[in-house]
Each structure stands twice: as C-alpha cells, then as structure tokens.
Amino acid sequence: MIQDIFKVPLYISKCDVDNTMLLNYVNRYVTNNPKGRKASNAGGYQSLRLDCEDGPIKILLDKIIKEVYNFGVELKIKSPLTLESIWFNINKQNEPIGVYVKESKESNKLVEEFMLLANRKVSEYVGKKIKKNLFIYRVHDLPDESKIKALKEVSKSLGYNLDISSRKKMSESLNKILKQVKGKKEQSLIESLAIRSMSKAEYTTKNIGHYGLAFENYTHFTSPIRRYPDVLVHRLIQAEIGKEKIKTEELESLCKHSTHMEILATKAERDSIKLMQIKYMSDKEGEIFEAVREKYGAIGKFSSAQSKRLGLA
C-alpha cells in the first residue's frame, strides 16, 4: 500500500473543508478510549460530532478513522526516540505555577506519520526529476563518533549493549536500547545522551539522506505557513509541474540561512523554557525532589527532577 502511494504523480490541487475534527476525537477511536465524550466548543466540529454519535454516519466515520490508523501503523518510524515537550501552567501575572510534560497522543503521532510520508514522497518524486543540487533536502548526517562511544560506555555500565560495528547494527541496537529503557529510571539519561550524540539536521541542496529517519530522500513540504524552506519547496514543485523556469542560483545560501534561523529559534525556545523552570523553582530552595542526574558542567552538576524541573546541584 505504501509503495503504491509513491507511484502517484504530484498535482496542483485545492482542498475544500466543510468540517474539522479535533485530534482528541480521533484519539478516542484509535485507542478505544470511551472517555471524554463531552460536547466540544469548536464550532463546526461540535455539530459534526453530535451528528455522528449514532447511526450510519458514525459507522462510516469509525471505518474511515480505523483504516487510516491501520495504514499509519504501517508507516511507523523505526526509531522509538521521542522528544519531550515541556509546558507550564501560569497565573494571571504570567508566572509559572506548575510544570508538566505534554503527552503526544496516538492521533498526533498518526498525523506526524502522514506528514513524514508526504515529505518523503515529494523529495523522492521531485528529486529524481530535477537537476542535481537544484532541490532542497532535509538531511541528517551520521552521529558524532566520540559521543556514540561515550553512549556505548554508559549503556554498558547500565547493562545494555550498543553495537557500533556498522551503521545498520548501531541503529538497530540503539532502537532496541531505547525501547528497553522505557519507564525505567535510566530512561532520561540514555535518551538525553542519545539525542546529544546525533548530528544536527539541516537544509541543503546536497542530498546525503536522513540518518534519524532512515530515509534516502527527505524534505520539508507540509508546513509552508510556518517554515520558509517549505515555501521554497512548494515553489520548486510548482515550477517543475508547470515546466516553468525558476531562479535556483541562491538555493544553497537560502538553505544555510534557513538552518541558521532554525538554530536561533531552537535556542530561544530552550532558553525560554529554562527561564520558566528557574522562575518556578525560585521559591523552592531547601525542598527535596526525586531527580536523575543528567550531565556535569564546569560549575556543577545538572539534574532533572520529576515533571522536568531543572536544577543545579
């Protein structure tokens, strides 16, 4: 079924949507969770959902969602490594009064799988049709060798074997370890070291593949409303389909600019999270929290406590 999708050509199209469906609604179906059947205040979604509570429409909706979900399962990314999203509860003065890790629901993962498929499909289809170095790829190089060796030593001390004898074996054994540590006290440490060992993904016209996703071809296509590289990819696709000429001399410099801006945005996000964590912990001096030590720095030892409260011991 997946291979059939890769045979379908690309078209310029328009999608008209009469109703929307919240991910929480889809999530109840894919997880067989009957809870949370309260009316929604999301306009068109509310009327759609109330109309579908019983009868043939609901049966059809059930079938569609389940078929889409089963196909999504077939698409599953090989890596079990997921990045945590830290969120805060704030008061009227915008001061943090709580911190928590936002859970990624099955419906969120389902959407992500189809976005990955779309990105991969576009890069494989268009990348083969245009001249070399005239398309934008999202690439991810091999992990840092010294950091991978350090991860191997730490994993070994905890009873796990990371095989780094080849690229394939390293990927397979790392994925196995990440699955084994789920829910254990060493999970945060192993995942943190694994993330730090990885190379940074970047935009370029020179395709070297995406190690993290194990894709030979990959790009960013699905979010032109929030990412400039996606806008460029859409323009290149439209030019290819319409047999139009487009200026490509500055593509690589635009890729470097986009990568640089992404790094700045990521740093700003991390700094803002750290600032809120510091504010949240500022009045808790002397209190005792259960924590896992994640790294050592020149000025001390950093620990991550329950609910991702960052502290310096």
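How many helices and strands make up the secondary structure of the chain? In this predicted model, the count comes to ten helices and seven strands. The chain has 313 residues, and 34% of them are buried. Its accessible surface is about 20,600 Å². Carbon and sulfur atoms account for 54% of that area. Contacts were also examined by sequence separation. Among those between residues at least 6 apart in sequence, 64% join residues at least 24 apart.

The largest nonpolar core contains 15 residues. Val122, Val126, Phe135, Ile136, Val233 and Ile237 touch the most other members. At least two residues of this core come from each of four elements: H5, strand S3 (137-139), helix H9 (228-241) and helix H10 (251-281). H9 gives the largest share, with four residues. A further core lies apart from this one. That other core has 13 residues, including Met170, Val181, Ala194 and Met198.

Phe135 of the largest core was followed in detail. Neighbours within four places in sequence are left aside here. On that basis, Phe135 contacts Val122, Ser123, Val126 and Ile130. Phe135 also contacts Thr204, Thr205 and Thr219. Val233, Leu236 and Leu251 complete the list of its partners. Two of these partners, Val122 and Val126, are also named among the core members that touch the most others. Val233 likewise appears in both lists.

The packing of one helix pair was then examined. Helix H7 spans residues 167-180, and helix H8 spans residues 187-197. Their axes come within 9 Å. The crossing angle is roughly 150°. Angles over 145 degrees count as roughly antiparallel, and H7 and H8 are therefore roughly antiparallel to each other. Their crossing is left-handed. On the H7 side, the residues that meet H8 are Leu174, Ile177 and Leu178. Their counterparts in H8 are Ile190, Glu191 and Ala194. Ala194 is also one of the residues of the 13-residue core.

Glu103 gives a view of a loop position. This residue sits between strand S2 (96-102) and helix H5 (106-129). Is Glu103 buried or exposed? Its relative accessibility is 61%. Exposed means over 50%, so Glu103 counts as exposed. Glu103 and Ile86 are 17 residues apart along the chain. Their C-alpha atoms are separated by 9.4 Å. H5, the helix that follows this loop, is among the elements that each supply at least two residues of the largest core.

Notes:
Residues numbered from 1 in each chain as written. Predicted model: local features only at pLDDT ≥ 70, side-chain atom pairs only at ≥ 80, totals over all residues. Heavy atoms only, no water. Buried < 20%, exposed > 50% of the residue type's maximum accessible area, 1.4 Å probe, protein only. Contact = heavy atoms within 4.5 Å. Areas by Shrake-Rupley, 256 points an atom, 1.4 Å probe, with all protein chains shown as cover. Core = buried A, V, L, I, M, F, W, Y, C linked by side-chain atoms within 4.5 Å. Axes fitted to C-alpha atoms, helices over the stretch in contact; angles between N-to-C directions. Parallel < 35°, antiparallel > 145°, perpendicular 65-115°, else oblique. Left-handed = near helix turned anticlockwise from the far one by under 90°.
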